[in-house]
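Below is a colleague's note to be read alongside the sequence and the coordinates. The points begin with the nonpolar core and then turn to individual residues.

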Amino acid sequence: MDEGVDPKQMCQSLVNKVAQSEQLAAVAEPEVLILFEDWLEELAKEVIDQVTAADIATDAALVEATGLSRAGATFLLTKLRREGKIK
């Protein structure tokens with residue numbers, strides 16, 4: 001990556017965009033949506049690992065462990081619980 005790029009900040013920004021998925025789907029090209037879904041899947045795997053390894057149960061703990069925004073952490077925890085991937 002280029003110097004000066006903060007991956008956590010970039011990820012946080014993208015996760016915040018998930019909350020606006022209907023708007024994103026309406027304006028994004030299919031190729032962009034596929035890339036976004038791939039990225040989200042990788043992020044979900046990382047969150048599952050964090051939750052499992054550190055016994056993280058709250059969005060605040062996930063924010064602390066990963067640097068995600070509170071909204072991003074809440075979204076991912078809710079999504080993964082709904083899918084039965086975490087408790």
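**Notes on the core and two buried positions**

1. In this predicted model, the largest nonpolar core holds 17 residues, and among these Trp39, Val47, Leu62, Leu68 and Leu76 touch the most other members. The elements that contribute two or more residues to this core are α1 (7-18), α3 (30-54) and α5, and the greatest contribution comes from α3, which supplies 7 residues. As a general background, nonpolar side chains in soluble globular proteins tend to be buried together.

2. Val47 deserves a separate look, since, once residues up to four places away in sequence are set aside, Val47 touches Leu62, Leu68, Leu76, Leu77 and Leu80.

3. Leu77 is found in helix α5, which spans residues 70-82. With a relative accessible area of 1%, Leu77 falls under the 20% cut-off and therefore counts as buried. Beyond its neighbours within four places in sequence, Leu77 is in contact with Val47, Val51, Thr58, Asp59, Leu62 and Ile86. For one of these partners, Asp59, the C-alpha atom is separated from that of Leu77 by 6.9 Å, although the two residues are 18 residues apart along the chain.

4. Ser69 is located in the loop that runs between α4 (59-66) and α5. Is Ser69 buried or exposed? Its relative accessibility is 10%, and Ser69 is therefore classed as buried, the cut-off being under 20%. Leaving out neighbours within four places in sequence, the residues in contact with Ser69 are Gln12, Asn16 and Val63.

Terms used. Residues are numbered from 1 along each chain as its sequence is written. This is a predicted model: local features need pLDDT of at least 70, side-chain atom pairs count only at pLDDT 80 or more; totals for chains, interfaces and linings use all residues. Side-chain values use heavy atoms; hydrogens and water are left out. Helices (H or I, at least four residues) and strands (E, at least two) are DSSP runs, numbered from the N terminus. Buried means under 20% relative accessible area, exposed over 50%, partly exposed in between (1.4 Å probe, protein chains only). Contact means heavy atoms within 4.5 Å. A nonpolar core is a set of buried Ala, Val, Leu, Ile, Met, Phe, Trp, Tyr and Cys residues joined through side-chain atoms within 4.5 Å.
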